[in-house]
Amino acid sequence: MNRSTAIGAGSVVALVALSGYAASVEAWNLLVVSWAAFGAMALAAPLGARSRTEHAEGLVWGYGLASGAMVTSAAVFLVPQALGHHPQFGGFGIAFGILAGFAAHTVGHRFAHMEFPVDRTVTELSAHAVSAGAIIGIVYGNIDVGVGLGLAIVSHKGPAGYAAARRLSGQGKSVAPLLLPAAGLGIAAIVSSAVSLPATDAFRGLVFGFASGVFLHVAMDFLPRCEIGSEIHELLSVEDGHAHAVLDRLRVHAALSTAVGGLAVFAAWLALN
């Protein structure tokens, strides 16, 4: 077992141990979300590793469904909470969250020029998982939200794990280190759920607005972009002239998939209410 694989295995052990704590305080919703995030990436990774043919359409639908569900869930379940505490501070929080998400994504490119004990792709996914998990934990630790919000937010872990595993496998690398970002979200979420926010409306509006903004940015970052040079384009093994026609067709799938993802959340909300 090499070092990166050992780190991945250790993260799973940490998630199991922290799950015991979450169960002891009856944080069942958070526990479900944490293990759903782990399962989505851990199960998708072997599929991506075994893939030997292009599945651009499937990846478009995976990203589209996830991003559509995330946008809708953040707008319905988090934004009203933020604005309900304080309209102005909640609005500032949303703006700061979107800008912070963009900054983190942009600055994260520096990982490509640094040495880490695990692959760059795994490092970037782990950083994203830990930051998202920390915010999810604070949200679930301070407001009463259903499990649906968390499941929609972590729905992107499946297609992200599939794409990352396919990339690693194509480079002749093991996908076992993906256990680190798979477990990282739950680890950070359970730890941060113990943080109790001050009861002031302005502060809570700012925090929940920031969480809304970050998740909206993540959702928009996962929108399937069917453009030349995009990840979707890289999956196509066609001539450049034909690629334009294929990408035009995939754009229709991108629009449909995001709409279906959003409508699925709406339908679930209607059914539960």
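The following exercises, each with a worked solution, concern salt bridges, a surface patch and annotated spans in a predicted model.

Residues are numbered from 1 along each chain as its sequence is written. In this predicted model, local features need pLDDT of at least 70, side-chain atom pairs count only at pLDDT 80 or more, and totals for chains, interfaces and linings use all residues, while side-chain values use heavy atoms, with hydrogens and water left out.

**Exercise 1.** Determine how many salt bridges the structure holds, and describe each pair.

*Solution.*
Step 1. A salt bridge requires a side-chain nitrogen of Lys or Arg within 4 Å of a carboxyl oxygen of Asp or Glu. The structure holds two.

Step 2. One pair is Arg249 and Glu57, with an N to O distance of 2.9 Å. Because Arg249 belongs to helix H11 and Glu57 to helix H3 (residues 56-85), this pair ties together parts that are 192 residues apart in sequence. Helices here are DSSP runs (H or I, at least four residues), and strands are likewise DSSP runs (E, at least two), numbered from the N terminus.

Step 3. The other pair is Arg251 and Asp248, at 2.3 Å, N to O. Both residues lie in helix H11, three residues apart, which is about one turn of the helix.

Step 4. Classify the accessibility: buried means under 20% relative accessible area, exposed over 50%, and partly exposed in between (1.4 Å probe, protein chains only). Arg249 is partly exposed at 41%, and Glu57 is partly exposed at 35%. Arg251, at 32%, counts as partly exposed, as does Asp248 at 45%.

**Exercise 2.** Identify the residues that form the nonpolar patch on the surface, and state which helix gives the largest share.

*Solution.*
Step 1. Patch residues have over 30% relative accessible area and no salt bridge; like charges are joined within 9 Å, and nonpolar side chains (Val, Leu, Ile, Met, Phe, Trp, Tyr) within 5 Å.

Step 2. The members are Val76, Leu263, Phe266, Trp269 and Leu270, with about 490 Å² of accessible area together. Areas come from the Shrake-Rupley method with a 1.4 Å probe; for residues, only the protein chains shown count as cover.

Step 3. Helix H11 (residues 240-272) supplies the largest share, four residues. Leu270 is found in this helix and is partly exposed at 47% relative accessibility.

**Exercise 3.** Describe the helix content and end-to-end C-alpha distance of residues 61-83 and of residues 175-197.

*Solution.*
Step 1. Residues 61-83 are 100% helix and 0% strand, with end C-alpha atoms 32 Å apart.

Step 2. Residues 175-197 are 61% helix and 0% strand, with end C-alpha atoms 38 Å apart.

Step 3. UniProt, in an unreviewed entry, places the feature "transmembrane region" at several spans, including these two. Its positions are given in the numbering used here, feature names are shortened, and annotations may be inferred rather than shown by experiment.
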